[in-house]
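Biologist: I'd like to learn how to read a structure like this. Could you walk me through the main features, one by one?

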Amino acid sequence: MTTSAASPAPQGKGLDQPPRVPFWHMRPGPNGGSTIDREFLDGFVRRVVSGNTAPIWMRRVEGRITGGWFTILPVGWVGEWHESPEPQWVIPLSGRWFIETRDGKRVEMGPGDIHWGADIDTTGQQGHFSGQIGDEPCVQLLVQFDRDAPDIGAGG
C-alpha cells in the first residue's frame, strides 16, 4: 500500500482554534517490525516569539536534541533495511523520498511533510526501507534526539 503525503492544510487560521499539524509517525509495531501512521501534533499555544511581535502558534519540542543534520539523498539513492539511528524529526526541504515499513506500508513525502522516526528497537527485524524519488535529490533537515526522548506520537 503506497500513500503519498499531501502538504498539510493551513493550520492555526483562527486565534481561538489551535492547529493540529499532521505528521508521519514511524515506530515498532505490535509484532516488533516497523509501522508508520498519520498522526497529529496537538498542544499548540499562542506565544510571543521575541520582543513586541504578535503572538504565533507554538509547540515546544520535548527531549534533548543531540544533533542536527542537513542530508541530501542523491538521485537513485536507496537505504536498504535499517532502523532509525536515533529518534528524529525528518523534514524534506526539496525533492521527494519514501519510507516502507515491515508491515508493507509505503509513504512518499516531500516539502511540507514531516516525519517522526522512532523505529529504534524492532527486535532484529531491521526497521524500514527508504529511498529517493524522482529526478532531483531530496534535501532534508534531520533533528536527532537522545534515545530517552519521549515518543512524540499517540498524544506524546
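Modeller: We'll go from the overall fold to the empty spaces, then to rings and a few single residues. One thing up front: this is a predicted model.

Biologist: Okay, let's begin with the fold. How many helices and strands does the protein chain have?

Modeller: The protein chain has zero helices and 13 strands. Reading from the N terminus, the elements go β-β-β-β-β-β-β-β-β-β-β-β-β. As for burial, 39% of the 156 residues count as buried.

Biologist: Now the empty spaces. How do you find them?

Modeller: The general idea is simple: rolling a probe the size of a water molecule over the atoms shows where empty space is left. In this structure, the largest pocket has about 260 Å³ of space. Its lining is made of 16 residues, and the closest to the centre are L73, W77, H82, Q140 and L142.

Biologist: Which strand gives the most to the lining of the largest pocket?

Modeller: That's β6, with three residues. At least two lining residues come from each of β6 (65–73), β8 (88–94), β12 (128–133) and β13 (138–145).

Biologist: And what classes of residue are in the lining of the largest pocket?

Modeller: Eight are nonpolar, eight are polar and none is charged. Now look at the second largest pocket, with about 150 Å³ of space. Its lining consists of L41, F44, R59, V61, W89, I91, I114 and I152. There the split is seven nonpolar, no polar and one charged.

Biologist: What about spaces that are closed off? How many cavities of 30 Å³ or more does the structure hold?

Modeller: One. The largest cavity has a volume of about 30 Å³, and V61, E62, W89, W116, F145, P150 and I152 line it. Sorted by class, that lining has six nonpolar residues, no polar ones and one charged.

Biologist: W89 has come up more than once. How do I read its ring?

Modeller: Start with the idea: a pair of aromatic rings is described by the distance of the centres and the angle of the planes. In this model the count comes to five aromatic pairs. Take F23 and W89: the ring centres are 5.5 Å apart and the planes sit at 70°, so this pair is edge-to-face, the label for angles over 60 degrees. F23 belongs to strand β2 and W89 to strand β8, so the pair ties together parts that are 66 residues apart in sequence.

Biologist: Are F23 and W89 buried or exposed?

Modeller: F23 counts as buried because its relative accessibility is 0%. W89 is buried too, with a relative accessible area of 9%. Also, F23, W89, W116 and F145 form one aromatic cluster. Two of those names, W116 and F145, are in the cavity lining as well, as is W89.

Biologist: Which ring does R102 lie over?

Modeller: R102 lies over the face of W81, at 3.9 Å from the ring centre. You can find another case at F98, where R106 lies over the face at 3.9 Å from the ring centre.

Biologist: Let's finish with single residues. Where does N31 lie, and is N31 buried or exposed?

Modeller: N31 is in the loop between β2 (21–28) and β3 (34–41). It's exposed, because its relative accessibility is 58% and the cut-off is over 50%. A polar atom of the N31 side chain lies 3.0 Å from the backbone nitrogen of G33. Then there's D103: N31 and D103 are 72 residues apart in sequence, with their C-alpha atoms 9.0 Å apart in space.

Biologist: And R60, where is that found?

Modeller: Look in the loop between β5 (56–58) and β6. R60 is exposed, with a relative accessible area of 66%. Its C-alpha is separated by 8.7 Å from that of G43, and the two residues are 17 residues apart along the chain.

Biologist: One last residue: what does the side chain of T35 contact?

Modeller: The T35 side chain makes a polar contact with the side chain of K105, at 3.5 Å. T35 is in strand β3, and this residue is buried, with a relative accessible area of 7%.

Notes:
Residues numbered from 1 in each chain as written. Predicted model: local features only at pLDDT ≥ 70, side-chain atom pairs only at ≥ 80, totals over all residues. Heavy atoms only, no water. 1 Å grid on protein atoms, 1.4 Å probe; cavity = no way out; pocket = protein on both sides within 12 Å on 5 of 7 lines; lining within 4 Å. Points joined across faces, edges and corners; volume = space filled by probe spheres on them. Nonpolar A, V, L, I, M, F, W, Y, C, P; charged D, E, K, R; others polar. Helix = DSSP H or I, 4+ residues; strand = E, 2+ residues; numbered from the N terminus. Buried < 20%, exposed > 50% of the residue type's maximum accessible area, 1.4 Å probe, protein only. Polar contact = N/O pair within 3.5 Å; in protein donor to acceptor, adjacent residues only side chain to side chain. Phe/Tyr/Trp six-rings, centres within 6.5 Å; stacked < 30°, edge-to-face > 60°. Lys NZ or Arg CZ within 6 Å of the ring centre and 35° of its normal.
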